Structures are given as C-alpha cells and as structure tokens.
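The following note sets out several points for a colleague's consideration. Please read the points alongside the sequence and the coordinates.

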Amino acid sequence: MVLMDILKRSVRNNLLVLLVVFITIILIMLSHYEQGEETWGYWFFSRLLSEGDGFINLQRSPLYTAYLQLFYWIGYPYSFAIEWFITSSIVVYAVYLFLNIYMDKRYALFSIILWLPFIRFSEPSVQSLALAVTCFAFVVRRKADNSYNKRFLYSIFYSLLFIAYMFRQTYIIAILFVII
C-alpha cells in the first residue's frame with residue numbers, strides 16, 4: 001500500500017515529464033534499430049516457454065523470459081515494438097526518478113533525454129530492466145529515510161535489488177555495494 005502511494009504521487013507529480021519522455025521514446029523508435037543476438041535468444045526462449053518447453057536456460061534470466069511472455073502473444077513486429085516502448089518507458093522513468101534525487105527536475109529530464117539512445121540501444125534489453133529496478137530500489141531507499149515505515153521500505157529496497165539480480169546476475173554488485 002505504501003509503495004503504491006509513492007508511485008501514484010510520483011506519477012501525478014511528473015505527468016509532463018512522462019509526456020515528454022513518451023514523445024522522445026516514440027521519436028527514437030522511428031530510427032532504425034535491430035536487436036542483437038542475445039535479445040533474439042531471449043525471444044527464442046520466450047517462444048519455447050510459450051510452447052510448453054519450460055525455461056530452457058536458467059543462466060539467461062528466467063524472469064526476463066517470463067516478462068517477454070506479456071508481449072509474445074501479439075506477434076513479431078508488434079510484440080517487439082511494444083516491448084521496446086514499455087521497457088524504454090520503465091527504464092527512463094526509473095532513471096529519471098533516481099536522478100531527481102540528486103538534481104533539479106529540469107536537469108534530470110534533460111539528462112535522461114540525452115542518455116535515452118545509449119540506454120535503449122545497449123544490448124541486451126534485460127540489462128536496461130535491471131538498471132531500472134536498481135534505480136527504483138534506490139528511490140525507495142531514499143523515501144525510507146523520511147518515512148515511518150522504514151523497515152517495510154528497506155525490505156522493498158532489498159527485494160528490488162534481488163529482482164535486479166534475477167534480471168542480470170552482474171547486478172549482484174549493487175547488493176554487495178549496499179552490504180559493504
């Protein structure tokens with residue numbers, strides 16, 4: 001409940017920012033982009049999962065494979081574009097909220113628009129989602145400093161870091177960074 005209140009307030013306060021971000025993402029989508037081999041592999045694993053073969057390669061983020069199931073049923077060209085748009089929106093909004101902790105909203109928005117092509121054209125897309133979940137985790141931790149529900153928000157913080165690790169194993173560094 002507390003987390004949903006934080007998200008609702010955050011979205012309500014940043015509607016103009018979200019509009020600018022969505023327009024920017026749509027403009028970037030008009031440029032040519034071809035997914036890399038690793039991303040095609042994730043879509044292949046998603047197809048195998050939908051056909052009933054289960055998770056074939058547990059080293060390749062079963063969480064992201066399950067996430068792709070949300071889009072797989074749409075069909076190839078549209079599923080890829082919709083997944084790209086939604087993942088981009090999640091990543092950009094998460095990084096914006098994270099930057100907003102340390103800088104003014106205008107500078108955070110300008111920074112994220114400049115970084116958007118780099119963030120979204122990096123391969124594989126699961127890396128971007130892990131970054132987004134890590135940014136959400138640190139935003140929640142920052143909110144915990146000023147909240148009466150510190151224990152609950154800290155548990156959400158560590159859960160989000162674990163989810164980032166489940167997306168991409170290299171994000172264990174974020175967990176180690178917090179522990180050490």
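1. Along the sequence, the protein chain follows the pattern α-α-α-α-α-α-α-α-α. The secondary structure therefore amounts to nine helices and zero strands. The model is a predicted one, and the points below should be read accordingly.

2. As to burial, the protein chain comprises 180 residues, of which 41% count as buried. Individual residues discussed below fall on either side of that classification, and each is given with its relative accessible area.

3. Leu48 belongs to helix H3, which spans residues 37–50. Its relative accessibility is 11%, so Leu48 counts as buried, the cut-off being under 20%. Leu48 and Thr65 are 17 residues apart along the chain, and their C-alpha atoms are separated by 9.7 Å.

4. Which residues form a nonpolar patch on the surface? The patch consists of Leu16, Leu19, Ile23, Leu27 and Leu30, and together these residues present about 570 Å² of accessible area. One of them, Leu27, lies in helix H2, which covers residues 15–29. Leu27 has a relative accessible area of 55% and is therefore classed as exposed, since the threshold for that class is over 50%. Leu27 in H2 is thus exposed, whereas Leu48 in H3 is buried.

5. The packing of two helices merits a separate remark. Helix H5 (residues 76–102) packs with helix H6 (residues 105–121) at an angle of about 140°, and their axes are 9 Å apart. Angles over 145 degrees would count as roughly antiparallel, and those from 65 to 115 as roughly perpendicular; H5 and H6 are therefore oblique to each other. The crossing in which H5 passes H6 is right-handed.

6. How many salt bridges does a search of the whole structure find? The search finds one. The salt bridge is formed by Asp104 with Arg106, and the closest N and O atoms are 2.8 Å apart. In general, side chains of opposite charge can pair when their charged atoms come close.

7. The two partners of this salt bridge fall into separate accessibility classes. Asp104 has a relative accessible area of 33% and is therefore partly exposed, a class that lies between the buried and exposed limits. Arg106, at 63% relative accessibility, counts as exposed because the limit is over 50%. Arg106 falls within the residue range of helix H6, residues 105–121.

How values were computed: Residues are numbered from 1 along each chain as its sequence is written. This is a predicted model: local features need pLDDT of at least 70, side-chain atom pairs count only at pLDDT 80 or more; totals for chains, interfaces and linings use all residues. Side-chain values use heavy atoms; hydrogens and water are left out. Patches are made of residues with over 30% relative accessible area and no salt bridge: like charges are joined within 9 Å, nonpolar side chains (Val, Leu, Ile, Met, Phe, Trp, Tyr) within 5 Å. Accessible areas come from the Shrake-Rupley method with a 1.4 Å probe; for residues, only the protein chains shown count as cover. A salt bridge is a side-chain nitrogen of Lys or Arg within 4 Å of a carboxyl oxygen of Asp or Glu. Helices (H or I, at least four residues) and strands (E, at least two) are DSSP runs, numbered from the N terminus. Buried means under 20% relative accessible area, exposed over 50%, partly exposed in between (1.4 Å probe, protein chains only). Axes are lines fitted to C-alpha atoms, for helices over the stretch in contact, and angles run from 0 to 180 degrees between N-to-C directions. Angles under 35 degrees count as roughly parallel, over 145 as roughly antiparallel, 65 to 115 as roughly perpendicular and the rest as oblique. A crossing is left-handed if the near helix is turned anticlockwise from the far one by less than a right angle, and right-handed if clockwise.
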